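Let us walk through this fold from strand to sheet to pocket. Keep the structure open while reading.

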Amino acid sequence: MSKQYLTIHTIDNAHITDIFSLAVTPHQIISASGSSDIKIYSTTEPDFPLAQTLHAAHKLGVHHLTASKDGHHFASVGFAGDVKLWRSEEGQWIEKGEIVDGNKAGEVWAIAISAEGQYLAATSVDGRINVWDNVGGHRKIRDFETKGSFGMAIDLSADGRYTASGHENGGVYIFNNDTGRLLHSLPGLIKAVRAVAFSPAGKLLAAAGDARVIALYDVASGEQVANLTGHGAWIFSLDWSDTGEFLLSG
């Protein structure tokens, strides 16, 4: 089935160089690029005006952003390996801390933040998965090992209990953050995994990438419950509706 979509608005020259990541909150779009600034645009007005610029947020530019579902927190990763945490206070974004973990340039890649901003998870180029407690002084609480393949995608369940990661070798893992143990190493995808997403209730995990198939897994059992087909090229992003009834892929 084919559908037509109309462009609501175009923001020209949003950044001076390539845009690498976007994150959305209930009322804003956060954008990042190869430049050092992060820009925030309002979605409450028809012309999507620039609401705030975070100048020199990352010296060498930004490659990943993630925002909490409640719209009060977001995190950013720079090409220098720096990871920063931001909080909305009285309508303005304020830097609230930095993950200091000896990160080297390019070591931290994809990131995900829990629904209320308490936990931050990140992949690494060597397949490690790290989880930090943003409330507990940005303390690392988990350091999971995989088979060493580049971690390309990550997600946290809404309650922060589980972390899922997708890797260049087609590996998909689910970890239990409470116990610090691997819950499942999931079968089904043999090519690079570029997106993973928990359903809102945390009962299902969707994973997709170069195989052009979306695999659905039962989180409790690790069983693959469905294959969704129809894409003719790589799949880069996945997102669930708030009810978990629909899954969007691109």
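Strands here are DSSP runs of E with at least two residues, and helices are runs of H or I with at least four residues; both are numbered from the N terminus. The model is predicted, so local features need pLDDT of at least 70 and side-chain atom pairs count only at pLDDT 80 or more, while totals for chains, interfaces and linings use all residues. Residues are numbered from 1 along each chain as its sequence is written, and side-chain values use heavy atoms, with hydrogens and water left out.

Start with a sheet. Strands pair through backbone hydrogen bonds, parallel or antiparallel. Two strands count as paired if DSSP finds at least two bridges between them. By that rule, 4 strands make an open sheet, ordered β5-β6-β7-β8, with antiparallel pairing. Its edges are β5 (62–67) and β8 (92–99), each of which pairs on one side only. From one strand to the next, the twist averages 25°. The angle is taken between N-to-C directions, from 0 to 180 degrees, with axes as lines fitted to C-alpha atoms (for helices, over the stretch in contact).

Now follow the pairs. β5 runs antiparallel to β6 (residues 73–78), and 5 bridges join them. V62 stands opposite G78 in β6. The hairpin of β5 and β6 has 5 residues between its strands, and there G71 takes a positive phi near 80°. On the other side of the sheet order, 7 bridges join β7 (residues 83–89) to the antiparallel β8. Here K84 faces E98 of β8.

How covered is β5? Buried means under 20% relative accessible area, exposed means over 50%, and partly exposed lies in between (1.4 Å probe, protein chains only). β5 is mostly covered, with 6 of its 6 residues buried.

Strand β8 also holds W93. This tryptophan is buried because its relative accessible area is 2%. A polar contact is a pair of N or O atoms within 3.5 Å; within protein, one must be able to donate a hydrogen and the other to accept it, and residues adjacent in sequence count only if both atoms are side-chain atoms. W93 and Q28 make one between their side chains, at 2.8 Å. The C-alpha atoms of W93 and A110 are 21 Å apart, with their positions 17 residues apart along the chain.

Next, go to a loop. D210 lies between β18 (204–209) and β19 (214–218). Is D210 buried or exposed? It is buried, because its relative accessible area is 12%. Its side chain joins that of R194 in a polar contact of 2.5 Å. Contact means heavy atoms within 4.5 Å. Leaving out residues up to four places away in sequence, D210 touches K191, A192, R194 and W234.

G166 sits in β14 (residues 162–167). At 0% relative accessibility, G166 is buried. Its C-alpha atom is 4.9 Å from that of A153, 13 residues apart along the chain. With the same sequence neighbours left out, its contacts include F150, G171 and V196.

Finish at the largest pocket, with a volume of about 1,700 Å³. Its lining has 47 residues, of which L22, L65, S237, L238 and D239 lie nearest its centre. Among the elements giving two or more residues to this lining are β1 (19–24), β5 and β17 (193–198). A pocket, on a 1 Å grid over the protein atoms alone, is an open set of points with protein on both sides within 12 Å along at least five of seven lines; a cavity is a set where a 1.4 Å probe fits but cannot get out, and lining residues have an atom within 4 Å of a point. Points are joined across faces, edges and corners, and the volume is the space filled by probe spheres set on them.
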